[in-house]
Amino acid sequence: MEQSRITTAHTLGADLRALRKARGKTLAGLAARLGRSVGWLSQVERDLSEPSISDLRLVAEVLGVPMSLLFGHASAPAEEQGYVVRAGARRPMGSGEEGLIEELLSPDLTDDFEVIHSTFRPRSKMQRPAQRPTQEMGYIISGRLDLTIADRRLTVGPGDSFRFRGEPYAWANPYDTPCVAIWVIAPPVY
């Protein structure tokens with residue numbers, strides 16, 4: 001049990017550091033927003049200290065990520081961590097309230113990109129267009145998806161792929177079947 005706790009903290013610290021950097025925040029800046037010392041945050045990122053649930057809740061809020069992303073690190077055997085994500089051990093992201101269910105396919109958030117498995121429920125749509133400083137590419141496995149990228153309205157289906165770079169975008173699945181896509185985002189935003 002003690003070994004999995006240490007492994008969990010290691011992956012958590014690396015993910016927190018990657019998220020902080022992806023958002024352009026310094027250790028001092030994030031520590032100030034959290035009401036904590038730079039030393040404490042540095043120890044958390046280097047896996048020398050384990051944050052409380054309250055700390056994690058505040059970190060998730062300040063970094064704009066769901067709490068669920070900060071859990072589930074110890075599900076893989078030690079020799080697979082950082083290399084393999086098993087189908088039943090993907091970390092869920094987001095609440096799913098818009099009809100989008102996302103799971104992290106990347107082992108962690110320490111790369112220059114992240115890979116996400118997205119399922120868009122039938123008759124669902126994004127509530128408001130989004131725009132983020134990323135490059136994103138998607139590949140549709142099944143179903144269809146209506147996209148608005150900048151001023152372009154597009155429909156994509158199985159085998160189609162798409163890309164956008166920092167442009168406003170929105171999605172909708174007005175169809176009767178789910179749409180499943182693999183989404184690559186650089187830099188990581190979750």
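## A guided tour from the core outwards

Begin with the largest nonpolar core, which holds 41 residues, and pick out Phe120 and Leu145, the two with the most contacts inside it. Next, colour residues 53–63, which form helix 4, since this helix gives the most to the core, with five residues. As you look around, keep in mind that this is a predicted model.

Now select Leu145 and display its neighbours. Leaving aside residues up to four places away in sequence, Leu145 touches Phe120, Ile140, Leu154, Thr155, Val156, Trp171, Ala172, Asn173, Tyr175 and Cys179.

**The whole chain**

Step back and show the chain as a cartoon, where you can follow four helices and 10 strands. Starting from the N terminus, the order of the elements is α-α-α-α-β-β-β-β-β-β-β-β-β-β. The chain has 190 residues, and 41% of them are buried. If you consider the contacts with a separation of 6 or more, 63% of them are between residues 24 or more positions apart.

**The largest pocket**

Switch to a surface view and look for the largest pocket, which encloses about 830 Å³ of space. To find its centre, select Glu98, Glu102, Arg132, Tyr169 and Tyr190, which are the closest to that centre among the 30 residues of the lining. Then colour strand 2 (100–104), strand 3 (114–120) and strand 9 (169–173), each of which supplies at least two residues of the lining. If you colour the lining by residue type, you will find 17 nonpolar, seven polar and six charged residues.

**Two buried acidic side chains**

Return to helix 4 and select Asp55, which lies in this helix. Is Asp55 buried or exposed? Its relative accessible area is 15%, and because buried means under 20%, Asp55 counts as buried. Apart from residues up to four places away in sequence, Asp55 touches Arg36 and Trp40.

Follow the chain onward to Glu80, in the loop between helix 4 and strand 1 (91–93). Glu80 also counts as buried, with a relative accessibility of 14%. Show its side chain together with that of Arg86, and you will see the two joined by a polar contact of 2.6 Å. Then add Pro107, which is 27 residues from Glu80 along the chain, although the C-alpha atoms of the two are separated by 9.2 Å.

**Helix 3 and the loop after it**

Go back to Trp40, one of the buried residues of helix 3 (residues 38–45), and add Leu41, Ser42, Val44 and Glu45, which are buried in this helix too. Just after helix 3, select Asp47, which sits in the loop between helix 3 and helix 4. What is the phi of Asp47? The angle is near 65 degrees, a positive value in a residue other than glycine. With a relative accessible area of 23%, Asp47 is partly exposed.

**Two last stops in the backbone**

For another positive phi, select Arg123, where the angle is about 60 degrees although the residue is not a glycine. Arg123 is found in the loop between strand 3 and strand 4 (124–125), and its relative accessibility of 57% makes it exposed.

Finally, move to the segment after strand 10 (179–186), where Pro187 lies. Select Ala186 together with Pro187 and look at the bond between them, which is a cis peptide bond with omega at about -5 degrees.

Note on methods:
Residues are numbered from 1 along each chain as its sequence is written. This is a predicted model: local features need pLDDT of at least 70, side-chain atom pairs count only at pLDDT 80 or more; totals for chains, interfaces and linings use all residues. Side-chain values use heavy atoms; hydrogens and water are left out. A nonpolar core is a set of buried Ala, Val, Leu, Ile, Met, Phe, Trp, Tyr and Cys residues joined through side-chain atoms within 4.5 Å. Buried means under 20% relative accessible area, exposed over 50%, partly exposed in between (1.4 Å probe, protein chains only). Contact means heavy atoms within 4.5 Å. On a 1 Å grid over the protein atoms alone, a cavity is a set of points where a 1.4 Å probe fits but cannot get out, and a pocket is an open set with protein on both sides within 12 Å along at least five of seven lines; lining residues have an atom within 4 Å of a point. Grid points are joined across faces, edges and corners, and a volume is the space filled by probe spheres set on the points. Ala, Val, Leu, Ile, Met, Phe, Trp, Tyr, Cys and Pro count as nonpolar, Asp, Glu, Lys and Arg as charged, and the others, Gly among them, as polar. A polar contact is a pair of N or O atoms within 3.5 Å; within protein, one must be able to donate a hydrogen and the other to accept it, and residues adjacent in sequence count only if both atoms are side-chain atoms.
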